[in-house]
Structure formats: structure tokens, C-alpha cells
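Visitor: I would like a close look at one part of this protein, namely its nonpolar interior. Please take me through that part and then place it in the chain as a whole.

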Amino acid sequence: MYMRAVVQRVISASVTVDNETIGKIDKGFVVLLGVGKGDNENDMKYIADKIMALRVFEDENEKMNLSLGDVGGQLLVISQFTLYGDCRKGRRPSFDSAADPVTANDLYMKMCDYFSNSGIYTQTGKFAADMKVNLINDGPVTLMLDSKKTF
């Protein structure tokens, strides 16, 4: 498989669980991360490095030319197994391609640590919880990434 991420440029964002805010950021990215069967640390590093290097913040000429680090941006990373929902048959999505919860949580946490260790302020959701994500999408700018580069 391949790791999937939906990256949204935001002015601000937060995530709540049971009416308690557990993560909050200002300018930066909300990353919805899906881990698939067979994903490994190489997939994680590829996606993380790509996210940190994306030049989608405006420079002084209003051109998307700056990265997350260039603007002191922050990250809110949310585990999202539903990115592996296969809706091609029937009306109920199949999640057979999603990684098992232990593997998915391990790679999710490693990615969050990787971001933090790279000097990026990083907040997280709660793995496998019913989360409410609130965000102000900036642009809007929304990008999709996968570690096998199929799109």
C-alpha cells in the first residue's frame, strides 16, 4: 500500500475529544494521515519530509513560495483511517487496505515525533477517538500526498 495524507493550509485549527480541546495550532497545516497495510518508516519519512518542504505559503510578492519552516508554521496531525475507504463496490466503504491499529498508531506517533524533532510545533488528535476537528482553511489550499507518488 502507500501512506496517504490530506494537507490543508490553515489560519488556525483545533481538535476536541469529549468536549475537551486536546490540540490547537495557529498558522500552519492540518494533516489528515492514513496508514495503509505494508506502510513503513520510509513511507512515513517521505510524507513528513514532503509536508515540511511544501512551498505553499505566500512570500512578499503574494506567490506561494515559502515552506512551513519559512513561516514558523505549526502542525495539527490527525489519524484518519477513513482515507482508505474504498467506495467502488456497494454503498458501505471497505477499509481492508487500512493498516491494523497497532501499526497505524505506531507510524502516526513516529511521524508526530519526527515533526517535533525537526523543530516544528506539532499537536495531535487522539488515535481511534471520536474527534471534532475545527479549522479555518486558508486559501483554501488542500493537497493530497501518497508515499508511492501516484498523485
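**The nonpolar core**

Guide: In this predicted model, the largest nonpolar core holds 28 residues, and among these Phe-29, Ile-51 and Leu-75 touch the most other members. Several elements each supply at least two residues of this core, namely strand S1 (4–17), strand S3 (28–34), helix H1 (41–53), strand S6 (74–79), helix H2 (101–117) and strand S8 (131–146). The largest share comes from H2, which gives six residues. As a general background, nonpolar side chains in soluble globular proteins tend to be buried together.

Ile-51 shows how such a core is put together in detail. When its neighbours within four places in sequence are left aside, Ile-51 is in contact with Ala-5, Val-7, Phe-29, Val-31, Leu-75, Phe-115 and Leu-145. Apart from this core there is a second, separate one of eleven residues, which includes Val-6, Val-17, Ile-25 and Met-131.

Leu-83 offers another view, from the loop between S6 and H2, where this residue lies. With a relative accessible area of 21%, Leu-83 is partly exposed, because buried means under 20%. Leaving aside neighbours within four places in sequence, Leu-83 is in contact with Arg-4, Ala-5, Val-6, Leu-32, Leu-33 and Gly-34. Ala-5 thus appears among the contacts of Leu-83 and also among those of Ile-51. Asp-26, by comparison, is 57 residues from Leu-83 along the chain, and the C-alpha atoms of the two are separated by 24 Å.

To place these details in the whole, the protein chain has two helices and eight strands, which run from the N terminus in the order β-β-β-α-β-β-β-α-β-β. The radius of gyration is 15 Å, close to the 15 Å that the globule rule gives for 151 residues, so the chain is as compact as a globular protein of that length. Along the principal axes, the C-alpha atoms fill a box of roughly 50 × 35 × 30 Å.

Of the 151 residues, 40% count as buried. Among contacts between residues at least 6 apart in sequence, 73% join residues at least 24 apart. On the outside, the protein chain exposes about 8,600 Å², of which carbon and sulfur atoms supply 47%. As for charge, there are 18 positive and 20 negative charges, and their mean positions are 7 Å apart.

Conventions
Residues numbered from 1 in each chain as written. Predicted model: local features only at pLDDT ≥ 70, side-chain atom pairs only at ≥ 80, totals over all residues. Heavy atoms only, no water. Helix = DSSP H or I, 4+ residues; strand = E, 2+ residues; numbered from the N terminus. Rg over C-alpha atoms; globule rule 2.2 N^0.38 Å. Buried < 20%, exposed > 50% of the residue type's maximum accessible area, 1.4 Å probe, protein only. Contact = heavy atoms within 4.5 Å. Areas by Shrake-Rupley, 256 points an atom, 1.4 Å probe, with all protein chains shown as cover. Lys, Arg positive; Asp, Glu negative; His and termini not counted. Charge placed at Lys NZ, Arg CZ, Asp CG, Glu CD. Core = buried A, V, L, I, M, F, W, Y, C linked by side-chain atoms within 4.5 Å.
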